[in-house]
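Trainee: I should like to learn how one reads the main features of a structural model. May we work through an example together?

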Amino acid sequence: MKYIMTKSVLQYISRHISDQIHFLLGKYYTPVGRVESASTSGLLPDFRFRNFRILQFCTLNDTMIVEFVSLHASLCVLGIILSIYALHVELEKEKNKSYVAFCDFSDRVSCTKAFSSYYGKGFGLLQYIVGEDSILLQPNSVLGIIFYVLQLVLGHVGGYLCVHLLFYTSVLSCLGCLWLAYVLYFILNDTCVVCIATYAVNFAIMFVNYQTFVAL
């Protein structure tokens, strides 16, 4: 029952975000037909993106900006919810070693195993930089909350500098996701549903940020 409920919630969330992305694709990406050749006077097929011309070939208008900001904000809110839940699970596990989280299905599919591991704080890397006792050494979930709030604020502020900060910080977050995914699969031998959902959110945020970045 717990597995079915979790699966249903994740399916609903992914379907909602997927619908928003497909809506934007269908509304703002123009079909690629034929383009003028530089070497001939005829028209040649344009196979660059098969069916859609990516956003960098068109100009953002006010409506597009509003809807991209809306999608970006939805992803950030989802990321904050996932991070808060991850922090809740970690704190509960520290207080009660026998605590079983909603996302714990087995020994190989467990989020508490990932959150309470050595890599659950500072990506398992900050310890070597700031030390074990540093205030900067926070759970990954706290770092995630800070990241999503920063993305949310910068996304609503807008502007040339903010667009660059949004894109580069999201790239950095995705690099962190790749590292944690490697740790999860090859070191911890675990499958963390909340972690994987967070990775998907981060890559979706980077995708949205990329669209506005290349349109500058």
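**The pocket and its surroundings**

Mentor: The lining of the largest pocket consists of 24 nonpolar residues, twelve polar ones and one charged one. Please bear in mind throughout that this is a predicted model.

Trainee: How does one find such a space, and how much space lies in the largest pocket?

Mentor: Empty space is revealed by rolling a probe the size of a water molecule over the atoms. Here the largest pocket holds about 770 Å³. Its lining numbers 37 residues, and those closest to the centre are F123, N140, L143, G144 and L180.

Trainee: Which helices supply at least two residues of that lining?

Mentor: They are α2, α3, α5, α6 and α7. The largest share comes from α6, with nine residues.

Trainee: Where do these helices stand in the overall order of elements?

Mentor: The chain has seven helices and two strands. Along the sequence they follow the pattern α-β-β-α-α-α-α-α-α.

Trainee: Let us turn to the nonpolar core. Which residues of the largest one touch the most other members?

Mentor: That core has 31 residues, and the ones touching the most other members are L75, C111, F115, C192, C195 and V201. Two or more residues come from each of α2 (62–95), α3 (111–115), α5 (140–157), α6 (160–187) and α7 (193–214). The most are given by α2, with nine residues.

Trainee: What does C195 touch, leaving aside residues up to four places away in sequence?

Mentor: C195 touches A114, F115 and L184. For the chain as a whole, among contacts with a separation of 6 or more, 63% join residues 24 or more positions apart.

Trainee: How should one read backbone angles?

Mentor: Most residues other than glycine have a negative phi. F123, which is not a glycine, has a positive phi of about 60 degrees. F123 sits in the loop between α3 and α4 (127–130).

Trainee: Is F123 buried, partly exposed or exposed, and why?

Mentor: F123 counts as partly exposed because its relative accessible area is 26%, and that class lies between under 20% for buried and over 50% for exposed.

Trainee: What can be said of N189 in the same terms?

Mentor: N189 is likewise not a glycine and has a positive phi, of about 50 degrees. N189 is located in the loop between α6 and α7. With a relative accessible area of 39%, N189 is partly exposed.

Trainee: And what of burial and surface over the whole chain?

Mentor: Of its 216 residues, 40% count as buried. The accessible surface comes to about 12,700 Å², and carbon and sulfur atoms hold 67% of it.

Terms used: Residues numbered from 1 in each chain as written. Predicted model: local features only at pLDDT ≥ 70, side-chain atom pairs only at ≥ 80, totals over all residues. Heavy atoms only, no water. Core = buried A, V, L, I, M, F, W, Y, C linked by side-chain atoms within 4.5 Å. Buried < 20%, exposed > 50% of the residue type's maximum accessible area, 1.4 Å probe, protein only. Helix = DSSP H or I, 4+ residues; strand = E, 2+ residues; numbered from the N terminus. Contact = heavy atoms within 4.5 Å. 1 Å grid on protein atoms, 1.4 Å probe; cavity = no way out; pocket = protein on both sides within 12 Å on 5 of 7 lines; lining within 4 Å. Points joined across faces, edges and corners; volume = space filled by probe spheres on them. Nonpolar A, V, L, I, M, F, W, Y, C, P; charged D, E, K, R; others polar. Areas by Shrake-Rupley, 256 points an atom, 1.4 Å probe, with all protein chains shown as cover.
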